Amino acid sequence: MLALKNITKAYDAGDARVEALKGVDLAFRTCEFAAILGPSGCGKTTLLNIIGGLDQYTSGDLIIRGRSTKSYKDHDWDTYRNHSIGFVFQSYNLIPHQTVLRNVELALTLSGVSKSECRRRATEALKKVGLGDQLKKKPNQMSGGQMQRVAIARALVNDPDILLADEPTGALDSETSVQVMEILKEISKEKLVIMVTHNPELADTYANRIIRLLDGKVISDTNPHTAESPEDTTRKKQKKPSMSFLTALSLSLNNLMTKKGRTILTAFAGSIGIIGIALILSLSTGVNAYIERVERDTLSSYPLMIEKQTVDMTGMMEAMMGAVAESGQHDMDKIYSGQMMTNFMSGMMSQVDENDLKGLKEYLEQEETLDALVSGVQYEYATPLTVYRLMDDGTGMQVNPSTTFDSAGFSEMMSMGASNDMMSASMRQMDAFQPLIDNEEMLSSQFDVIHGRMPEKYDEAVLIVNERNELSDYTLYTLGLRDQKELKGMMAGLMAGKPLDSESISFTYEEMMALSFRLMVNTDYFAKENGVWVDKRSDAAHMQQVLENAPQIRIVGILRPAEDAVATSVTGGIGYRPELMRFLLEKVNDSEIVKEQLAHQDTDIFTGLAFATGDAQPAMSQQDVQLMLASLPPEQQAMMAQLPPEQQMQMMAQYAPKASDATLEGNLSLLGVSQEDDPSSIYLYPIDFEAKEEIEQLIAAYNEGKPDDQQIRYTDYVGLMMSSVTTIVNAISYILIAFVAISLVVSSIMIGIITYISVLERTKEIGILRAIGASKRDISRVFNAETLIVGFTAGALGIGVTLLLNLLVNHIIFTLTSIPNAAGLPPVAGLILVGISMVLTFIAGLIPSRLAAKKDPVVALRTE
């Protein structure tokens, strides 16, 4: 079973070389109780450690089951100790922070036995030694005899072939010693028990073989055995022991829990860097989120506007500033006239561009990346959205487009300059009815519903008030809630130097929800009479009938800007869904008058005359005159025959049919005809300034390769208003994180030092683990697990403290600036920081864990 062939062991002690064993030759039976006696320093424990695979011989050979161990690797010795050897030490060598049951289970865990099987076998082993009721106790809660029995149970639990006992009764009283020896004697009936002792009486009483050593040599053997059996090749290959990571975590966690104060302080020290970085990330994230909100809300009020007819304001401004060609140079001896006004006027006309919005709309709808760049896209059409309010007396009042400025006498002033984009956008904002952006999430973030609900259908709208639940007096006049006739009186009073005095009025939510509006379709202004279509807008009866039958628009809710909204996509007034415009387009295009005009595109349906072709009318020939004379009654023909040919031609020219002064395009515009695929304006609402730049790149890509007159042109009024703010915040954040990261590295180094201290404190535990078969890798895994636990605790503690500090920071910032949620740590960032903390502490603990793995198990077991 086991044989030692000429084993020697020498080691250096300073400058001297000590020979602990000198040519030991021994062979052991499969079942016997061998006691090794001898004075201190004779090599007994060294021999036991070599047999147990804890120490390596210098020369000779250790034969195990007929196989030489000269070629054994570290993992072979680990497997041998785990499966074939059970150690019982004089000082018990139990792991103090583990329970009795866990101490016994360790060897099985290394063998890869399942958790339930470990529990069952460990419990049975403890019952055999009389400790079945002590499973949950810690070693320091037991007597010496009980702890030695735990050590025996641990040695036996893996069913080893050999039990090695090093002075098993050395720390016990006589009665307890007898109990332990009885147990060992019983075990020797089935296994090989080798015991080292100083007590010859115990050896004589219990051992059936006594081996005496002196100065590293065997001087006597009462029952020698000669090993002549060949190598056993039929024995099943034993599984290489390996400690699971969960076991390593359990060992390390239990050890850390025995030093709670130091563990918490260590974790807190390690968390300081995490707290710093997490706070910076929280503020950076919160501020960037606020900036993004400002950008999104601002861009919802100032979208990228692309008009069918647009003016290049940049070119006009250059002309105004005197950007003239250098060809007009002259001498400096007189005063000459400049060309600013003429350049401006010619530049203004030359900078009016026609955009192909039909092609652009088709391009944008096919561009898959656009959805991720915009919070909404609005298309507006030349078809006017004409809305009337039915007053209490049953009459109708136009509320959209607004007539308020007309009533105040401002119509001429407002019409000046209305051809450019900015004025067009301003006039759009002055309408009482404004389209809601087609983005439910954005609307919900910008507005609170204070009464009713959001519109869901084309004929539903909402009333929008300001932050103070107010509607401007302009809106009230526009909607007929104030009398527009007051405005002229106000103007007269102002011109007379009288101060304005406007009475404050209020309305209940129910009163505003009861407002009734009617959609006037342009084509309903006209009626067919005597074969032509007639404008009936001046016919009160016709208009009243049309209004009564017009589609109704109902107010279904009242909105107010949310408290945290920086800007809103719609200001005070009435907000309607985009479906309303699509409904209007369908009504116009499906009307009888539009269908007739499109069916007879050469004829003016309002006069019955043909449209002018633009060509000069050809001179009337004599043949034309004769044809016309032939169509006259006989009496008139006789009368005309008396006149000279020239006079006949003059008179007949007066009766020739004339062309209409109108155009087909003009008539369609008058009727409000627009096609859904050909808008007059496109409003793009970028989610932020970076997205706006990408949209501009998309438009540039659309323009690429097209002639100048076919390229899309627009004026960007928002420009780079806030685009650099995010970059600045990020740059500051990165700099601060770099500084705080230094503290994180320092704290990680400190954790590495504390881990090394833990290695020194747990040196004996290292020896115990190696003795029951743990490999060097297993030892490293134990301390790596400890650093990971500390790193996780530090990271989690840092994130927890940061979340609490964020509450305080948010309260302070909101009190000072009214900016809500200025600090917020993203969950992903928190998880990453915990991961970084674990990685850094793991790296810092690599050197201490390597040092632990390299410790000599024999030396480690001697450590107190």
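**Briefing: a three-stranded sheet, a buried helix and a helix pair**

An open sheet of 3 strands runs in the order β11-β25-β14, with antiparallel pairing. Its edge strands are β11 (304-307) and β14 (374-380), and each pairs on one side only. On average, neighbouring strands of this sheet are turned by 10° against each other, direction ignored. The model is predicted. The points below cover this sheet, helix α3, the α30/α31 packing and the strands β1, β4 and β5.

**The sheet and its helices**

- Strands of a sheet pair through backbone hydrogen bonds, either parallel or antiparallel.
- β14 is joined to β25 (residues 681-686) by 6 bridges, and the two strands run antiparallel.
- One register point is Gln378, whose bridge partner in β25 is Tyr683.
- Helix α12 (residues 357-366) lies across β11, β14 and β25. It runs at about 35° to β25.
- Helix α27 (residues 689-703) also lies across β11, β14 and β25. Its angle to β25 is about 140°.

**Helix α3**

- 11 of the 11 residues of α3 are buried, so the helix is largely enclosed by the rest of the structure.
- The buried set includes apolar side chains such as Val100, Leu101, Val104 and Leu106. Arg102, Asn103 and Glu105 are also among the buried residues.
- The cover over these residues includes α2 (74-84), α4 (115-128), α5 (144-156), α8 (245-257), α29 (763-771) and α30.
- Just after α3, Gly112 takes a positive phi of about 85°.

**Arg102 within α3**

- Arg102 lies in α3, which spans residues 100-110.
- Is Arg102 buried or exposed? Arg102 has 18% relative accessibility, and the cut-off for buried is under 20%, so Arg102 counts as buried.
- The side chains of Arg102 and Glu105 are joined by a polar contact of 3.0 Å.
- An α-helix has 3.6 residues a turn, so residues three or four places apart point the same way.
- Leaving aside residues up to four places away in sequence, Arg102 touches Thr109, Thr247 and Ser250.

**Packing of α30 on α31**

- Two packed helices are described by the angle between their axes and the distance between the axes.
- Helix α30 (residues 776-817) packs with helix α31 (residues 827-844) at an angle of about 145°. Their axes are 8 Å apart.
- The crossing of α30 past α31 is right-handed.
- On the α30 side, the contact is made by Asn784, Thr787, Leu788, Gly791, Phe792, Ala794, Gly795, Ala796 and Ile799.
- These residues meet Gly830, Leu833, Val834, Ser837, Met838, Thr841 and Phe842 in α31.
- By class, this contact has 9 nonpolar, 7 polar and no charged residues.
- α30 also appears in the cover over the buried residues of α3.

**Strands β1, β4 and β5**

- Strand β1 (residues 2-13) is joined to strand β4 (residues 59-64) by 5 bridges, and the pair runs antiparallel.
- Leu2 has Ile64 as its bridge partner in β4.
- β4 is in turn joined to strand β5 (residues 67-68) by 2 bridges, again antiparallel.
- Which residue in β5 stands opposite Ile63? Ser68 does.
- β4 and β5 form a hairpin with 2 residues between them. In the turn, Arg65 has a positive phi of about 50°.

Note on methods. Residues are numbered from 1 along each chain as its sequence is written. This is a predicted model: local features need pLDDT of at least 70, side-chain atom pairs count only at pLDDT 80 or more; totals for chains, interfaces and linings use all residues. Side-chain values use heavy atoms; hydrogens and water are left out. Two strands pair if DSSP finds at least two bridges between them. Helices (H or I, at least four residues) and strands (E, at least two) are DSSP runs, numbered from the N terminus. Axes are lines fitted to C-alpha atoms, for helices over the stretch in contact, and angles run from 0 to 180 degrees between N-to-C directions. Contact means heavy atoms within 4.5 Å. Buried means under 20% relative accessible area, exposed over 50%, partly exposed in between (1.4 Å probe, protein chains only). A polar contact is a pair of N or O atoms within 3.5 Å; within protein, one must be able to donate a hydrogen and the other to accept it, and residues adjacent in sequence count only if both atoms are side-chain atoms. A crossing is left-handed if the near helix is turned anticlockwise from the far one by less than a right angle, and right-handed if clockwise.
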